[in-house]
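Q: Hi! Could you walk me through this one before I head back to the bench?
A: Happy to, let's take a look together.

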Amino acid sequence: MSDDISRRLALAEQAAREAGAKALEYFNHRDQLVIETKRDAQDVVSIADREVELLINGQIARAFPDDGFLGEEFGLQAGSSGFTWVVDPIDGTSPFVNGMPNWCVSIAVIHQGEPVIGVIMAPCQQECFVSARGQGATLNGKPLHVDPSRTMQNHVTGFGANSYVTPERVGEIAAGITAVGGNFFRNGSGAMMLAWVAAGRLVGYYEPYMHAWDCLAGYCLVNEAGGWTHAFNTDGEALLRGAPVLAVAPGAKADLLKIARL
Ligand code: IPD
Ligand code: CA
Ligand code: CA
Ligand code: CA
């Protein structure tokens, strides 16, 4: 692994763990949080999201001042090194503010358009998923491998939806998964469900429209564990736009692509 990537990988894991601990403090005192809405009533946020992003941003700016940084809450700061950090400080804000444990810190690093590092820290479960391009994926230090022979039938497929997606489409996706003999699942954190694809808990994950900070760390994990991911364009302005997100075990790819109409 190049030194450029290994130094960033060490920081990504350290920052995810520290950010996770800070978010957990807020989670344990969430009755004191003021919950605000952003784009619509389903899109919630609190000071916890902003403070956790600032913590991660500060650590990266000190260690790699020439790297770019894109976070969900404060947007893009361009860099000059060719590396950009893409961070969701709390993915699963809705479960977080409602007292459910399905939320995580998601940190990716992209280089030449590709996610080369993906770290997802789930503090309530004390699970830290780590991956770097060409180095495999691990959960708390144990290697992760997607089973290539698994199909959707009798297995669990995650899907997510937000207000960019019509209610009719949500119903069709659930129906499509059911029709091939699969079980559909949603826990409120798309990033965590992508990590669960890498861990073989879910056979796949599909969401019609997500942002780079929701999916790139999970994509690195899934690819490094032997799964397949649908391309997500990170060139220029495309990095800020949303796109369909699909990650899947190879044996379930054809069925899930059909349901996703991709
Ligand atoms: C959301 C979660 C949710 C997914 C949404 C995302 P947030 O991220 O990942 O599961 O369905 O599309 O926006 O707002 O909790 O960081
Ligand atoms: Ca959000
Ligand atoms: Ca998110
Ligand atoms: Ca978020």
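A: Before we count anything, helices here are DSSP runs of at least four residues and strands are runs of at least two, numbered from the N terminus. Also keep in mind that this is a predicted model.

Q: Thanks! How many helices and strands does the protein chain have?
A: The protein chain has seven helices and 15 strands.

Q: And what is its radius of gyration?
A: It comes to 17 Å for the protein chain, which agrees with the value near 18 Å for a compact globule of 262 residues. The C-alpha trace spans about 50 × 45 × 35 Å along its principal axes.

Q: How much of the protein chain counts as buried?
A: Of its 262 residues, 52% do. The exposed surface is about 11,100 Å², with 50% of it supplied by carbon and sulfur atoms.

Q: What about contacts between residues far apart in sequence?
A: Taking contacts with a separation of 6 or more, 62% come from residues 24 or more positions apart.

Q: Switching to metals: which residues are the protein donors of the calcium ion (ligand 3)?
A: Those are Asp88, Asp91 and Asp214, each through OD, at 2.0 to 2.2 Å from the ion. Their spacing in sequence is D-x2-D-x122-D. Aspartate 91 is in strand 5 and aspartate 214 in helix 6, 123 residues apart, so this pair links distant parts of the chain.

Q: Are aspartate 91 and aspartate 214 buried or exposed?
A: Aspartate 91 is buried, at 6% relative accessibility. Aspartate 214 is buried too, with a relative accessible area of 11%.

Q: What coordinates the calcium ion (ligand 4)?
A: Glu72 through OE, Asp88 through two OD entries and Ile90 through O, at 2.2 to 3.1 Å. Glutamate 72 sits in the loop between strand 3 and strand 4, while isoleucine 90 is in strand 5, so the pair ties together parts 18 residues apart in sequence.

Q: How accessible are glutamate 72 and isoleucine 90?
A: Glutamate 72 is partly exposed at 21% relative accessible area, because the cut-off for buried is under 20%. Isoleucine 90 is buried, at 1%.

Q: Where does the calcium ion (ligand 2) come in?
A: Glutamate 72 bridges the calcium ion (ligand 4) and the calcium ion (ligand 2), which are 3.8 Å apart. The calcium ion (ligand 3) and the calcium ion (ligand 2) are 5.1 Å apart.

Q: Last one: how are the charges of the protein chain placed?
A: There are 19 positive and 29 negative charges, and their mean positions are 4 Å apart.

Methods:
Residues are numbered from 1 along each chain as its sequence is written. Chains are lettered from A and ligands numbered from 1 in the order in which they are written. This is a predicted model: local features need pLDDT of at least 70, side-chain atom pairs count only at pLDDT 80 or more; totals for chains, interfaces and linings use all residues. Side-chain values use heavy atoms; hydrogens and water are left out. The radius of gyration is taken over C-alpha atoms; the globule rule is 2.2 Å times the number of residues to the power 0.38. Buried means under 20% relative accessible area, exposed over 50%, partly exposed in between (1.4 Å probe, protein chains only). Contact means heavy atoms within 4.5 Å. Accessible areas come from the Shrake-Rupley method with a 1.4 Å probe; for residues, only the protein chains shown count as cover. Lys and Arg count as positive and Asp and Glu as negative; His and the chain ends are not counted. The place of a charge is taken as NZ of Lys, CZ of Arg, CG of Asp or CD of Glu. Donors are N, O and S atoms within 2.8 Å of the metal (3.2 Å for Na, K and Ca); water is not among the atoms, so sites may look incomplete.
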